[in-house]
Amino acid sequence: MKPFAAWLGALAVLTVAATGCGSEKAASPGTKGLPAPVEETRSAILAAAESGEYDDLRALVEPKVFLSDFGFGTGDPVQGWQGLGAKPLQTMGALVGMSHSVRETNEGTLYQWPSYDPDSVAGDLSAEDRELFLTIMSEDELANAFNPDYGYTAPRLGILSDGTWWFFIREAGP
């Protein structure tokens, strides 16, 4: 029960951060409009995804601030991802190839992939993002990523404007 409680608390932090904060959707995927530190972190994540090398992510994860499916500031998420095989890396690679959103949070300016949020519905999905999603999930999983009560839930990845990789959430909680 403890990991679920940690996950739930972290989800609450992200929900509060997203609620009431201005959100701006980027017009195109990739690097358009990204500050250099964000682009550096994004590129490093993409390079790790393309090479299949989890160890390349270790330098990017600051354990005291990083949030993952394994909790907030707990354990080694890289080791956890390695135990799941190639799927987490493939997911990261697909996400950073999608459109992103920019919003202010209690931690600073956040760049989040994909651009979908709690106000999103399945009809907001672009054709390009749909294609990328279907490389990492089934049609059913994609349909379930958009919840009528909570909007878009997961997967998602966020990088703060100073280049700090803040989170990677693979799956929505129960």
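The mean pLDDT of this chain is 82, and 79% of its residues reach 70 or more; keep in mind that the model is predicted. Residues 1-29 are the stretch to read with care, since their pLDDT is below 50. Beyond near neighbours in sequence, that same stretch has 50 contacts in the model.

**The chain as a whole**

- The chain holds six helices and nine strands.
- Of its 174 residues, 44% are buried.
- Take the contacts between residues at least 6 apart in sequence: 65% of them join residues at least 24 apart.

**Strand S9 and its partners**

- Let's start with strand S9, which covers residues 165-169. Is this strand mostly covered or mostly open? Five of its five residues are buried, so the word is covered, given that buried means under 20% relative accessible area.
- Which strand pairs with S9 in the parallel sense? Strand S2 (residues 67-68) does, over two bridges.
- Strand S8 (residues 156-160) also pairs with S9, but here the two run antiparallel and four bridges join them.
- Phe 168 is a handy residue to find in your viewer: in S9 it is the bridge partner of Ser 68, and it is also the bridge partner of Leu 157.
- S8 and S9 form a hairpin with four residues between the strands. Gly 163 in this hairpin takes a positive phi near 95 degrees.

**The second largest pocket**

- How much space lies in the second largest pocket? The value is about 280 Å³.
- Its lining is made of 13 residues, and the closest to the pocket centre are Met 137, Glu 141, Pro 155, Arg 170 and Glu 171.
- Two elements give two or more residues to this lining: helix H4 (87-95) and helix H6 (139-144).
- By residue type, the lining divides into six nonpolar, three polar and four charged residues.

**A loop residue to look at: Asp 149**

- Where is Asp 149? You will find Asp 149 in the loop between strand S6 (146-147) and strand S7 (151-152).
- Is Asp 149 buried or exposed? Its relative accessible area is 64%, and because exposed means over 50%, Asp 149 counts as exposed.
- Asp 149 and Val 121 are 28 residues apart in sequence, while their C-alpha atoms are 9.8 Å apart in space.

Terms used: Residues numbered from 1 in each chain as written. Predicted model: local features only at pLDDT ≥ 70, side-chain atom pairs only at ≥ 80, totals over all residues. Heavy atoms only, no water. pLDDT = per-residue confidence, 0-100. Contact = heavy atoms within 4.5 Å. 1 Å grid on protein atoms, 1.4 Å probe; cavity = no way out; pocket = protein on both sides within 12 Å on 5 of 7 lines; lining within 4 Å. Points joined across faces, edges and corners; volume = space filled by probe spheres on them. Nonpolar A, V, L, I, M, F, W, Y, C, P; charged D, E, K, R; others polar. Buried < 20%, exposed > 50% of the residue type's maximum accessible area, 1.4 Å probe, protein only. Pairing = 2+ DSSP bridges.
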